[in-house]
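Trainee: Please take me through the nonpolar packing in this model, and then through the backbone at any odd loop positions.

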Amino acid sequence: MFLPGSDGPTSSLTPSVLPEHLWLAIAVAIVFSFILAAVEISREVQKTLRCCLIPQSFFYACLLIFGNLITTLLAAVLVAKMNPGLAPYYWFFAAFFGVFAFETVLKNTNVTVLDKGVLTIQDWLKKALTGATAAAIVRDVRLNDREIGKLAAALAKVPEARLNAFAAIKLASGAGASVVPQLDATAAANKADPMLYKAYAIAYAVSPSVVRAFLTEN
Amino acid sequence: MAPLTAIQLVLSANLVKDAILRTVFEAVAKSRSIQVKDLKEKFSTEQLEHSIPALKGADLIRESTAPIQDFSTLYVTANGLTAESALKDRNLMENLAGQS
């Protein structure tokens, strides 16, 4: 890997520059890997990042780090052959090329036993990502259910007239003024407690901060 | 028993043959998690009564129950994510075949 104007590899420079900064390349590769893992998982989960902080995400990140570290070490050997003027930044180039080369390596690497493909690294990563995504979805659902449940329980204790007025204001879009009778009718059809039904409807549809403000006033 | 592959999951859950099942599954999988109440706005009670137990039975979706059933949450499982990916690949292949 030569940059324009490079004189080619300088064997006297290679050992003195890269090894002492190798730990920096490794650190940058690890940080890159964590960022890539966070971006990938949150993109798959389609929810907030808070639900992605789970052990399964860490396993996926570890797998990415493992692959990225190997390619970073390989890239470190190659970047040492770049223009000597860039020597102070070799560690950064090693991490950059290492992390992004991993994508290419991924597409061309197979684990085979007796010439039979067993599992590609891509499959490992896909399975780890799916596991992390599924676990993050469960966590998101549980966090939401807990929060909504608390808000709904508190709303159900508010006097009915006030709750109806709040529902009429906040849930009116599309249903107009008939939103409260509609909710009462749906609750009756489902044999549910109308107060709790309205409380849940509000807790799901209205921003938690607005609901909390309403609860403190009542 | 070895875990089912994506294609096996899709076939065993009848997602290819049963259009209603597939549409309900795609609605849950696309949003990752959805309230039963929101599904009721998109599908009839009969369609949901037919598809939700079948999708749960195939472990493609699960339910987090709330005190009121309408506010229970249906969410996609790891198997569901795998099946969703297989369905997307299948749709892509069909679109490509249609264009050529």
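Mentor: What follows covers the nonpolar cores and then two loop residues.

This is a predicted model. The largest nonpolar core has 35 residues. Those with the most contacts inside it are A:I41, A:Y60, A:A136, A:I137, B:F25 and B:L55. In chain A, α1, α2 and α4 (121–155) each supply at least two residues of this core, and in chain B so do α2 (19–31), α4 (45–57), β3 (73–76) and α5 (78–99). The element that gives the most is α4(A), with nine residues. As general background, nonpolar side chains in soluble globular proteins tend to be buried together.

B:F25 can be followed further: with neighbours within four places in sequence left aside, B:F25 is in contact with B:L15, B:L55 and B:L60. There is also a second, separate core, of 24 residues, and among them are A:F166, A:Y197, A:A199 and A:A201.

Now the loops. Most residues other than glycine have a negative phi. A:Q46 is not a glycine, yet its phi is positive, about 65°. A:Q46 lies in the loop between α1 (14–45) and α2 (55–79) of chain A. A:Q46 counts as partly exposed because 14 other C-beta atoms are within 10 Å.

A:K191, also a residue other than glycine, has a positive phi near 55°. A:K191 sits in the loop between α6 (179–189) and α7 (194–205) of chain A. A:K191 has 8 C-beta neighbours inside 10 Å, so A:K191 counts as exposed.

Terms used: Residues are numbered from 1 along each chain as its sequence is written. Chains are lettered from A and ligands numbered from 1 in the order in which they are written. This is a predicted model: local features need pLDDT of at least 70, side-chain atom pairs count only at pLDDT 80 or more; totals for chains, interfaces and linings use all residues. Helices (H or I, at least four residues) and strands (E, at least two) are DSSP runs, numbered from the N terminus. A residue is buried if 20 or more other C-beta atoms lie within 10 Å of its own, exposed if 12 or fewer, and partly exposed in between; C-beta atoms are placed from the backbone. A nonpolar core is a set of buried Ala, Val, Leu, Ile, Met, Phe, Trp, Tyr and Cys residues joined through C-beta atoms within 7 Å. Two residues are in contact if their C-beta atoms, placed from the backbone, lie within 7 Å.
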